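Visitor: Could you take me on a close look at one part of this protein? I am new to reading structures, so please go step by step.

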Amino acid sequence: MRILISNDDGVMAPGLAALHGALVDYADCVVIAPDQDRSGASSALTLDRPLYPHTLPNGFIGIDGTPTDCVHLGLNGLLPEVPHMVVSGINLGANLGDDVLYSGTVAAALEGRFLDLPAFAFSLVSRQPEHLVTAAHVARQLVTAHERLNLPPRTVLNINIPNLPLSHLRGVQLTRLGHRARAAAPVKVVNPRGREGYWIAVAGDAEDAGPGTDFHAVLQGYVSVTPLQLDRTFHEAFKGLDRWVEGLL
Ligand code: MN
């Protein structure tokens, strides 16, 4: 089996090396990742210039683009053989609830949705690599268990791993996305030449984080597994909209 590994923290990120290390003896692994930290890039594609891959001494391929660029090229011509599966991460930082909208880690996995095998996105709930070993072990366990999976086509699994020693993990929970409150206001800055700018602030706190959500699972010490689909159609809203659409033209 051939696995395409990517991330959004960049090709030099410790989480990427940890994920590669966890899978390298299980499958034929190719790593293609952004040459910079592109966290928050979502599913952006670079369409205004060409992309230039370069191979690092460790064999990883860096690209001056987004996570989605990397997986898109990896699945569409950059490699001599098409990979069977996309695995993304290990992100340093949670991708819970609303985070999946902005996450480049999740986006890299989503770009692998056309493959027959499910795509995985792994995130450690910490900005520090302290318990990356735990996350790498979990990633290995879940990916190697893919043969027991029976999922509809184009399912992506979003996995968040608590920042704990492996022995402290309580198990794996199937969850739905929770929700965050609005982010804090952007922080105003002034550069040395007097120009005003803004830093986008950190994500909002968990708001819908009760039992059954991804937030709740990781807080309780469980690995959270949330199946994601691309279809964001809001079926319940059809009722309120059908008559509105009728009278418009
Ligand atoms: Mn990231």
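Visitor: Let me start with one residue: is aspartate 8 buried or exposed?

Guide: Happy to help, and please keep in mind that this is a predicted model. Aspartate 8 is buried: its relative accessible area is 3%, and buried means under 20%. Aspartate 9 counts as buried too, with a relative accessibility of 17%.

Now look at what these two residues hold. Asp8 and Asp9 each offer an OD atom to the manganese ion, and the other protein donors are Ser39, through OG, and Asn91, through OD1. These donors lie 2.1 to 2.2 Å from the ion. Along the sequence the donor residues follow the spacing D-D-x29-S-x51-N. You can trace that pattern yourself: two aspartates in a row, then 29 positions to the serine, then 51 positions to the asparagine.

Aspartate turns up again in another role, so let us move on to charged pairs. Side chains of opposite charge can pair when their charged atoms come close. The count of salt bridges here comes to seven. One of them joins the side chains of aspartate 99 and arginine 180, with 2.7 Å from N to O. Aspartate 99 belongs to helix H3 (residues 99-102) and arginine 180 to strand E9 (residues 179-180), so this pair ties together parts that are 81 residues apart in sequence. Aspartate 99 is buried, at 11% relative accessible area, and arginine 180 is buried as well, at 18%.

Another salt bridge links the side chains of glutamate 111 and arginine 113, at 3.9 Å from N to O. Glutamate 111 counts as buried at 14% relative accessibility, and arginine 113 does so at 16%. To find arginine 113, follow helix H4 (104-110) to its end and look in the loop that leads to strand E6 (119-124). From there, the side chain of arginine 113 also reaches the backbone oxygen of leucine 110, at 2.9 Å. Leaving aside residues up to four places away in sequence, arginine 113 touches Arg154, Val156 and Leu230.

For a last stop, try the salt bridge between the side chains of lysine 188 and glutamate 196, where N and O are 3.4 Å apart. Lysine 188 is partly exposed, with a relative accessible area of 48%, whereas arginine 113 is buried.

Terms used. Residues numbered from 1 in each chain as written. Predicted model: local features only at pLDDT ≥ 70, side-chain atom pairs only at ≥ 80, totals over all residues. Heavy atoms only, no water. Donors = N, O, S within 2.8 Å, 3.2 Å for Na, K, Ca; no water. Buried < 20%, exposed > 50% of the residue type's maximum accessible area, 1.4 Å probe, protein only. Helix = DSSP H or I, 4+ residues; strand = E, 2+ residues; numbered from the N terminus. Polar contact = N/O pair within 3.5 Å; in protein donor to acceptor, adjacent residues only side chain to side chain. Contact = heavy atoms within 4.5 Å. Salt bridge = Lys/Arg side-chain N within 4 Å of Asp/Glu carboxyl O.
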